[in-house]
Amino acid sequence: MDRLKDKVALFIGGGSSVGSVALKHYLEEGAKVVLVDVDEKYFERTKELRDAYGPDRVVTFVGACTVREDMDRATKFTADTYGRIDILINFAGFHGSGHAEDIAKEQWELAMNVTCTGAYRSIMAVLPYMKEAKRGHIV
């Protein structure tokens with residue numbers, strides 16, 4: 001169960017429910033993980049795992065995928081903390097509720113900004129680190 005031993009993963013939207021499930025598996029496989037989310041409150045669901053594995057294996061960073069500078073700071077923090085970035089996974093997402101014909105333009109734009117453009121921002125932030133290392137995986 002060491003398929004990811006010493007690999008460094010950056011989880012954007014890492015406080016999400018999907019992110020917390022992935023975190024469990026990545027830690028079990030030996031990875032080191034930085035969880036990034038827009039508010040500290042989203043990390044609560046990962047507290048038990050963070051406490052069990054400790055800061056040498058999992059840490060948090062507050063930042064928004066809607067802000068390019070936050071993604072730049074998150075990637076720098078990850079590289080400074082663990083020495084590199086091997087894997088980027090974007091779990092960040094936003095969706096509205098209700099019927100399609102009732103979705104407000106602002107709600108649609110926010111969903112696209114988080115889900116699509118947020119992924120783009122995180123990829124653009126991590127690419128220099130992966131190119132320099134001549135390796136990396138973006139999921």
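## Close-up views of a predicted model

**View 1. Ile 87 at the join of strand 4 and strand 5.** Ile 87 has His 137 as its bridge partner in strand 5. The model is predicted. Strand 4 and strand 5 run parallel, joined by 2 bridges. Ile 87 also serves strand 1: there, Ala 9 has Ile 87 as its bridge partner. Strand 1 and strand 4 are paired in the parallel sense, over 4 bridges.

**View 2. The whole sheet, strand by strand.** Five strands make up an open sheet in the order 3-2-1-4-5. The pairing is parallel. Strands of a sheet pair through backbone hydrogen bonds. Which strands stand at the edges? Strand 3 (58-62) and strand 5 (137-138) do; each has a single partner strand, so one side of each is left without a neighbour in the sheet.

**View 3. Strand 2 against strand 3, with helix 1 on the sheet.** Strand 2 (residues 32-37) runs parallel to strand 3, and 5 bridges join the two. One residue pair to find here is Leu 35 with its bridge partner Thr 60 in strand 3. Helix 1 (residues 17-28) packs on the sheet. Helix 1 touches strand 1 (8-12), strand 2, strand 3 and strand 4 (87-90). The direction of helix 1 makes about 175° with that of strand 1.

**View 4. Helix 4 across the sheet.** Helix 4 lies across strand 1, strand 4 and strand 5. Its direction is at about 175° to strand 4. Helix 4 spans residues 105-133.

**View 5. Helix 3 crossing helix 4.** How do the axes of helix 3 (residues 68-82) and helix 4 cross? They come within 8 Å and cross at roughly 35°. The crossing is right-handed. On the helix 3 side, the contact is made by Arg 68, Met 71, Asp 72, Thr 75, Lys 76 and Ala 79. They meet Arg 121, Ser 122, Met 124, Ala 125, Val 126 and Tyr 129 in helix 4. By class, the contact has 6 nonpolar, 2 polar and 4 charged residues.

**View 6. The largest pocket.** Rolling a probe the size of a water molecule over the atoms shows where empty space is left. The largest pocket has a volume of about 360 Å³. How many residues line the largest pocket? The lining has 17. Nearest the centre lie Asp 37, Val 38, Ala 92, Gly 93 and Val 114. By class, the lining splits into 9 nonpolar, 6 polar and 2 charged residues.

Notes. Residues numbered from 1 in each chain as written. Predicted model: local features only at pLDDT ≥ 70, side-chain atom pairs only at ≥ 80, totals over all residues. Heavy atoms only, no water. 1 Å grid on protein atoms, 1.4 Å probe; cavity = no way out; pocket = protein on both sides within 12 Å on 5 of 7 lines; lining within 4 Å. Points joined across faces, edges and corners; volume = space filled by probe spheres on them. Nonpolar A, V, L, I, M, F, W, Y, C, P; charged D, E, K, R; others polar. Axes fitted to C-alpha atoms, helices over the stretch in contact; angles between N-to-C directions. Left-handed = near helix turned anticlockwise from the far one by under 90°. Contact = heavy atoms within 4.5 Å. Pairing = 2+ DSSP bridges.
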